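Let's walk through this one together, one question at a time. Have the sequence and the structure open as you read.

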Amino acid sequence: MTHQDTIVALATASGSGAIAVIRLSGEDAITMVDTCFKSVTPQKSLKNQATHTIHLGHIVEKKRIYDEVLVSIFKNPNSYTGENVVEISCHGSLYIQQEIMQLFLQKGCRMATAGEFTLRAFLNGKLDLSQAEAVADLIASDNEASHQVAMQQMRGGFSSEIAKLREELLNFASLIELELDFAEEDVEFADRSQFKELIERITYVLKRLIDSFAVGNVIKNGIPVAIVGEPNVGKSTLLNALLNEERAIVSEIAGTTRDTIEDEIAIGGIGFRFIDTAGIRDTDDVVETIGIKKTFEKIDQAQVVIYLFDAHDFKEQSSVLKVELEKIKNKYPQKPLLVIANKIDKVDDILISKIQSEIPEIKLLSAKTGFGVEQLTNSLLELINTGALRNNETIVTNSRHYDALLKALEEIQKVKYGLETGLSGDLLAIDIRQALYHFGEITGEITNDDLLGNIFANFCIGK
């Protein structure tokens, strides 16, 4: 696909609204709009106006007035795409939007593909590839943490860190390559001790970035939390209390929830997806049995498990409860397990003390009254290491970046081994080139059409 033509698309969300913004980008964008724009100020031509200015007028074609609009002009290279860009703010009628876009298509524009404005920004050097990907993450952010990470990456925090490492490594690579040209003289231009220090520093940074992906993935995609337990212990009531709405049906009848119910909320800026599951018990009910099967499937998918039991039943069922908890711990040893005694508003202090003495990690709760819900949400937040987020450190959220960092680390460790074993310069150079290649993959200094197609296909049209 050529990127020399002029493209047009709706930049605001589709549908009716107060206003809509239609965006054009390309060498002829300003000229095209100028042919059908009639300013409220006589004799005003858009082509003669300064960049970053806004003009009031009408879109007119053959005496037909389409709409009264505001036209914003951004001249190359000082625009989002690095090309001439025009943004037309019109009234949000679907009919008006379509009519204006059809007008520009007739004048020679082409409809933009998904992410093509940002792709042009990348191709014209306005953004590197990791910054471009952060644009999509910013649009998709639905909580404070994901917004903060996307903003930090879009502003170049991650890119600058990678670029600095790549530049330093490239300088040493050049010296190593120079040594190969003077192989017969047996000289060393690259100070091996300084090179070792650089490799140690790069290794440290790469490991930190790789480790941050665990937090980054949670921030970007949210944390699935399965609420499990026997029937009628208050799982649906807890879900409603967490969401602060009547999301799940609550009934005294055991087995009311026969399918999983899911909903998301943000706690402390982090997204959590709570999954209310069917109660686990032996039953002959076919439908309820299917629900219980789904419960175990959701536990497999969850990152955190909340096991809820009725505090009132602890006297008679303490041994059964302990067996169930051991089963879950043994089956899912890596998953954090929060054990909660619910309905404590219905039991006395003696029973509460007994529960706490037999299950030290227990948390007390009354989903009905709301007691303990805040403590539960705090406990969920404690399971996530948000220190890097609070300190505004670089956090990796993109799986493509994570994969490239792993490959770069692998090559850097080969370079480190080569330095320690006195490997020849030509062999060192091969591993260094591979590490540089993987660094370049992240920022887009090394790329291909298939990669760009995959990345920008996930964007919305108009961005």
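**Strands, a helix and a surface patch**

Q: Which residue in β10 does Ile227 stand opposite?
A: This is a predicted model, and a good place to start is the pairing of two of its strands. Strand β8 covers residues 223–229 and runs parallel to β10, residues 270–276, with five bridges joining them. In β10, the residue opposite Ile227 is Asp276.

Q: Which residue in β11 stands opposite Val228?
A: β8 also pairs with β11, residues 304–310, in the parallel sense and over five bridges. Opposite Val228 in that strand is Tyr307.

Q: How many residues of strand β8 are buried?
A: Take the two faces in turn. In a regular strand, side chains alternate between the two faces of the sheet. On one side of β8, Ile223, Val225, Ile227 and Gly229 are buried, and on the other side so are Pro224, Ala226 and Val228. The strand is therefore largely enclosed by the rest of the structure, and the count of buried residues is seven of the seven.

Q: Which strands stand at the edges of the six-stranded sheet?
A: The sheet is open, with mixed pairing and the order β9-β10-β8-β11-β12-β13. An edge strand has a single partner, so one side of it is left without a neighbour in the sheet; the strands in that position are β9 (261–267) and β13 (363–364).

Q: What is the bridge partner of Ile340 in β13?
A: Strand β12, residues 337–342, runs parallel to β13, and two bridges join them. Within β13, the partner of Ile340 is Lys363.

Q: How far apart are the end C-alpha atoms of helix α7?
A: Helix α7 has 30 residues, 192–221, and at 1.5 Å a residue it should span 44 Å. There is also a kink of about 35 degrees, centred on Ala214. The distance between the end C-alpha atoms agrees with the expected span: 43 Å.

Q: Which residue just after α7 takes a positive phi?
A: Helix α7 ends at residue 221, and strand β8 begins at residue 223. Between them, with a positive phi of about 80 degrees, is Gly222.

Q: Is Val40 buried, partly exposed or exposed, and what is its relative accessible area?
A: Val40 sits in the loop between β3 (37–39) and β4 (53–61). Together with Ile54, Leu56 and Leu70, Val40 forms a nonpolar surface patch with about 350 Å² of accessible area. Buried would need under 20% and exposed over 50%, so Val40 counts as partly exposed, with a relative accessible area of 47%.

Definitions and conventions
Residues are numbered from 1 along each chain as its sequence is written. This is a predicted model: local features need pLDDT of at least 70, side-chain atom pairs count only at pLDDT 80 or more; totals for chains, interfaces and linings use all residues. Side-chain values use heavy atoms; hydrogens and water are left out. Patches are made of residues with over 30% relative accessible area and no salt bridge: like charges are joined within 9 Å, nonpolar side chains (Val, Leu, Ile, Met, Phe, Trp, Tyr) within 5 Å. Accessible areas come from the Shrake-Rupley method with a 1.4 Å probe; for residues, only the protein chains shown count as cover. A salt bridge is a side-chain nitrogen of Lys or Arg within 4 Å of a carboxyl oxygen of Asp or Glu. Helices (H or I, at least four residues) and strands (E, at least two) are DSSP runs, numbered from the N terminus. Buried means under 20% relative accessible area, exposed over 50%, partly exposed in between (1.4 Å probe, protein chains only). The expected span of a helix is 1.5 Å times one less than its number of residues. The bend at a residue is the angle between axes fitted to the seven residues ending there and the seven starting there. Two strands pair if DSSP finds at least two bridges between them.
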